[in-house]
Amino acid sequence: MNDAPKKGWLQRLSDGLSRSSRQMTEQVVSTFVREPLSETALEQLEEHLLESDLGPAATDRIVERFRELRFGAGASEVEVKTALAEAVANELRSHEARYEPLNGPRPFVTLFVGVNGSGKTTTLGKIAADLTGQGAKVMVVACDTFRAAAREQLKVWAERAGATFESRRDGADPAGLAFDALTRARAEGYDVVLIDTAGRLQNKSALMDELLKIVRVLKKVDPEAPHETLLVLDATVGRNALEQEKIFGRTAYVSGLVMTKLDGTARGGVLVPVAQASDAPIKLIGVGEGIEDLQPFDADAFARSLVGLEATS
Ligand SMILES: Nc1nc2c(ncn2[C@@H]2O[C@H](COP(=O)(O)OP(=O)(O)OP(=O)(O)O)[C@@H](O)[C@H]2O)c(=O)[nH]1
């Protein structure tokens, strides 16, 4: 994503993570400032990190780090927060990567997968707007052909972004649509093709078959496509996101994760175990409903905002 208005996005990140950082500051940091070094404080730290959904493995390592740091009675809140941010960033740095559709082959094909309601359509719409804003020729393809409402919503986003919209009537073969759309995009010199897919988990194997068929058919047009498969996960479902990562990550060749709705939860720490469970890195995060609220994932900025410090990267 275009990160030109830097100050703006850092502020949005802090605002978006304010529910999580409030929880961290009120519980974790204040406990530790009150009772530095004691075993009780370390136990409370562990409890609060688990409550923030950081997961047992990262929590153990962070508690160990605090044990080594041996904060004295004079430790300030900022020192404790800085140490916590550093420990969280350490957990995430190797899971950070960029989504750069304009730096790859043309047309750059991105497939969006994830359960209904995770924020797939919104994420795709925000990306379309960002890319057309940068002058790219963008095609949006609605492969969730069974749900008219989903199609309509995507159409609104595409029109707003000034992108071309491709869809079919109810129940049409999504793979056939993907094939025709990519063929047209290649012939007409599109820069980017963004493909929305269905997310009905009620029939997991049918859904996975459908996704795999779309991928197979895209490869007939361009053997390298899709160049990116983004799995969209909703942070407000907490540790259920781990389950969704398992289901999609295993079958859909996911190459990047997008975690949305981080503004809607006090447990934004869930990003840590999800990132660590996945073979794919985190590429984007959503911290609000606005177009600018979809941001490139930056482990250091995220960690600082999560503990309520001003992000500096
Ligand atoms: N607060 C907040 N809301 C978001 C964010 N991302 C998406 N949403 C909202 O989440 C809701 C669901 O998003 P959709 O994009 O419709 O989700 P979807 O996965 O496409 O779901 P279907 O349309 O049901 O397939 C919408 O109301 C979005 O506005 C975010 O980062 N923060």
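This passage describes the domains, one helix and the ligand surroundings of a predicted model. Local features need pLDDT of at least 70 and side-chain atom pairs count only at pLDDT 80 or more, while totals for chains, interfaces and linings use all residues. Residues are numbered from 1 along each chain as its sequence is written.

The domain assignment, which is automatic or from a database, gives domain 1 (9-95) and domain 2 (101-297). Their C-alpha centres lie 33 Å apart. In domain 1, 19 residues are in contact with 21 residues of domain 2 (C-beta atoms, placed from the backbone, within 7 Å). Helix 4 (56-69) is one of the helices that each supply at least two residues of the side of domain 1 touching domain 2; helices are DSSP runs of H or I, at least four residues, and are numbered from the N terminus.

The end C-alpha atoms of helix 4 are 20 Å apart, which agrees with the 20 Å expected for 14 residues at 1.5 Å a residue (1.5 Å times one less than the number of residues). Its buried residues are Ala58, Thr59, Ile62 and Phe66; buried means 20 or more other C-beta atoms within 10 Å of a residue's own, exposed 12 or fewer, with C-beta atoms placed from the backbone. What covers these buried residues includes helix 3 (39-51), helix 5 and helix 11 (271-277). The face turned away from the buried side of helix 4 carries the exposed residues Pro56, Glu64 and Glu68. Arg70, which follows helix 4, has a positive phi, near 45 degrees.

The ligand is surrounded by 20 residues (C-beta atom, placed from the backbone, within 6 Å). The closest are Gly119, Lys120, Thr121, Thr122 and Gly286. Helix 6 provides the largest share of this shell, three residues.

Notes. Contact = placed C-beta atoms within 7 Å.
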